[in-house]
Amino acid sequence: MKVVARFFNPDRTRANFVRERVEAQGQWGTVREESDSTFLYEITVNGIYEIKPWLRSFGSSCEVLEPAWLRKELISEWKEILGYYESVREDL
Amino acid sequence: MNPFEKIYNYQIINRLDESNAVALTSQERAWLRTALAHASAADAFTPETFGKLNRLLLEEDFFDHRDMIVEKAKSKERQVYHPLLRALRRLIVQGKGMRLTSRIKRGGIKANQPGLPVKLEYSMVKREWYLLWYSSRGRSLMATKLQSIVSIEETAMSPERVDELRRKVSALLEDRKELAVIEVIPAYNAELSRILYAFSCFDKTVGYDEEKDLYRIRVTYLIDESEFLLSKIRFLGLRVKIVEGDGLRRRMRESAEKVLGRYGVERL
């Protein structure tokens, strides 16, 4: 199965720790430039058991593009996670 | 094992202890031999120790797992051992002061900074070795990449002064400590060991509330490690929820909102 994700470079810092981490931990996946602020990462995997948590750990620096169902799964997970912390809003 | 065997074993171990000998199994010796074959091993020991260990283990089987085991989910290894580790470790153990010359981030060199080396730390984020040291000029705790160190010179420091600075350092580190309480969502209790593994780099205690069937993990971390802790919490996704630690909770909410923004999801 092919997984494609877009990664966002950090805006303020000198060191691109997103890119560094993807390159260090991204296994046999490949990286290609997309724009000044983003790059694409592509990998073929047998299952998503390992890659999904890894992609999720990047938070808003990562957007899964393919497959569509994985993208949907992550959206619904993040909605639920937001639900875990919704009450924080009132404390501000 | 019957009690007599136990007593006998106990006596043998005592004897070995008294004569300063350590008993190793053949498996441990084979592992040690394998470790000595690692490219970084020659830097990790003095030439005498390295040679001696190699001679002692010459007769051992070489357990070459590299043909049998493929490490698939591996991160790129940047730095396993740094040649300065040994020298610095000695300074720390012997309670010596130092004068440190290092490269600074924006280029240039900071020469002869006096201080006390305190601790060697391997950053799991950067995959690099750091030296924590107290700068007597700046009166602050510093972290310098071993990679950025140009030279170190040993200096004499009185034991009283060493104690004083070490106390200061512990107080500074104590100040930077934060506590977070993380709950395991009960539906994922079966994955507890995987969840705890994600926090393996942190000091933590785990409590279990039998009535609610609820695991609570109390994690102590330094402020500068909070981004790393957050990445672990995002890694675990729905499995865990931060219940104490306002800053972290706020950051998680921001992350979730920002991610949903990336996916073009409107606020509910």
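1. In this predicted model, 24 residues of chain B are in contact with 20 residues of chain A. On the side of chain B that touches chain A, helices α8 and α9 each supply at least two residues, and α9(B) provides the largest share, with 11 residues. Sorted by class, that side of chain B holds 10 nonpolar, 4 polar and 10 charged residues.

2. How do the axes of α3(A) and α9(B) cross? As general background, two packed helices are described by the angle between their axes and the distance between the axes. Here the axes of α3(A) and α9(B) come within 9 Å and cross at roughly 150°, and because an angle over 145 degrees counts as roughly antiparallel, α3(A) is described as roughly antiparallel to α9(B). The crossing of this pair, α3(A) with α9(B), is left-handed.

3. The residues that make this helix contact can be picked out on both chains. From α3(A) they are A:Ile75, A:Trp78, A:Lys79, A:Ile81, A:Leu82 and A:Tyr85, while α9(B) brings B:Arg249, B:Met252, B:Arg253, B:Ala256, B:Glu257, B:Val259 and B:Leu260. By class, the contact of α3(A) with α9(B) is made up of 9 nonpolar and 4 charged residues, with no polar ones.

4. One residue of α9(B) deserves a separate look. If its neighbours within four places in sequence are left aside, B:Ala256 is in contact with A:Trp78, A:Ile81, A:Leu82 and A:Tyr85. B:Ala256 also appears, together with A:Ala5, A:Trp78 and B:Met252, among the residues with the most contacts inside the largest nonpolar core, which has 33 residues. A second, separate core has 11 residues, including B:Met98, B:Leu100, B:Leu116 and B:Val118.

5. Within chain B, helix α9 (residues 246-262) also meets helix α8 (residues 226-236), and the axes of these two helices come within 11 Å and cross at roughly 55°. That angle makes α8(B) oblique to α9(B), and the crossing of α8(B) and α9(B) is right-handed. The contact is formed by B:Ser226, B:Leu230, B:Ile233 and B:Arg234 of α8(B), set against B:Gly247, B:Leu248, B:Arg251, B:Met252 and B:Ser255 of α9(B). Divided by class, the residues of this contact of α8(B) with α9(B) are 4 nonpolar, 3 polar and 2 charged.

6. Turning to chain A as a whole, a reader can count 4 helices and 4 strands, and from the N terminus on the elements run in the order β-α-β-β-α-β-α-α. The C-alpha trace of chain A spans about 45 × 35 × 20 Å along its principal axes. Buried residues make up 24% of the 92 residues in chain A. Among the contacts in chain A between residues at least 6 apart in sequence, 53% join residues at least 24 apart.

7. Where in the backbone should a careful reader pause? In general, most residues other than glycine have a negative phi, and most peptide bonds are trans. In chain A, the peptide bond from A:Glu66 to A:Pro67 is cis, with omega near -10°, and A:Pro67 is found in the loop between β4 (62-66) and α3 (68-85).

8. In chain B, two residues other than glycine can be noted for a positive phi. Phi of B:Asn112 is near 50°, and B:Asn112 is found in strand β2 (residues 109-123); B:Asn112 counts as exposed because it has 12 C-beta neighbours inside 10 Å. Phi of B:Arg139 is likewise near 50°, but B:Arg139 lies in the loop between β3 (128-135) and β4 (140-145) of chain B. With 11 other C-beta atoms within 10 Å, B:Arg139 is exposed.

9. Is B:Asp213 buried or exposed? B:Asp213 lies in the loop between β7 (203-209) and β8 (214-222) of chain B, and B:Asp213 counts as exposed because it has 10 C-beta neighbours inside 10 Å. Leaving aside its neighbours within four places in sequence, B:Asp213 is in contact with B:Pro186 and B:Asn189. B:Asp213 can also be compared in position with B:Met98, which is one of the residues of the second core: B:Asp213 and B:Met98 are 115 residues apart in sequence and 53 Å apart in space, C-alpha to C-alpha.

Key
Residues are numbered from 1 along each chain as its sequence is written. Chains are lettered from A and ligands numbered from 1 in the order in which they are written. This is a predicted model: local features need pLDDT of at least 70, side-chain atom pairs count only at pLDDT 80 or more; totals for chains, interfaces and linings use all residues. Axes are lines fitted to C-alpha atoms, for helices over the stretch in contact, and angles run from 0 to 180 degrees between N-to-C directions. Angles under 35 degrees count as roughly parallel, over 145 as roughly antiparallel, 65 to 115 as roughly perpendicular and the rest as oblique. A crossing is left-handed if the near helix is turned anticlockwise from the far one by less than a right angle, and right-handed if clockwise. Two residues are in contact if their C-beta atoms, placed from the backbone, lie within 7 Å. Ala, Val, Leu, Ile, Met, Phe, Trp, Tyr, Cys and Pro count as nonpolar, Asp, Glu, Lys and Arg as charged, and the others, Gly among them, as polar. A residue is buried if 20 or more other C-beta atoms lie within 10 Å of its own, exposed if 12 or fewer, and partly exposed in between; C-beta atoms are placed from the backbone. A nonpolar core is a set of buried Ala, Val, Leu, Ile, Met, Phe, Trp, Tyr and Cys residues joined through C-beta atoms within 7 Å.
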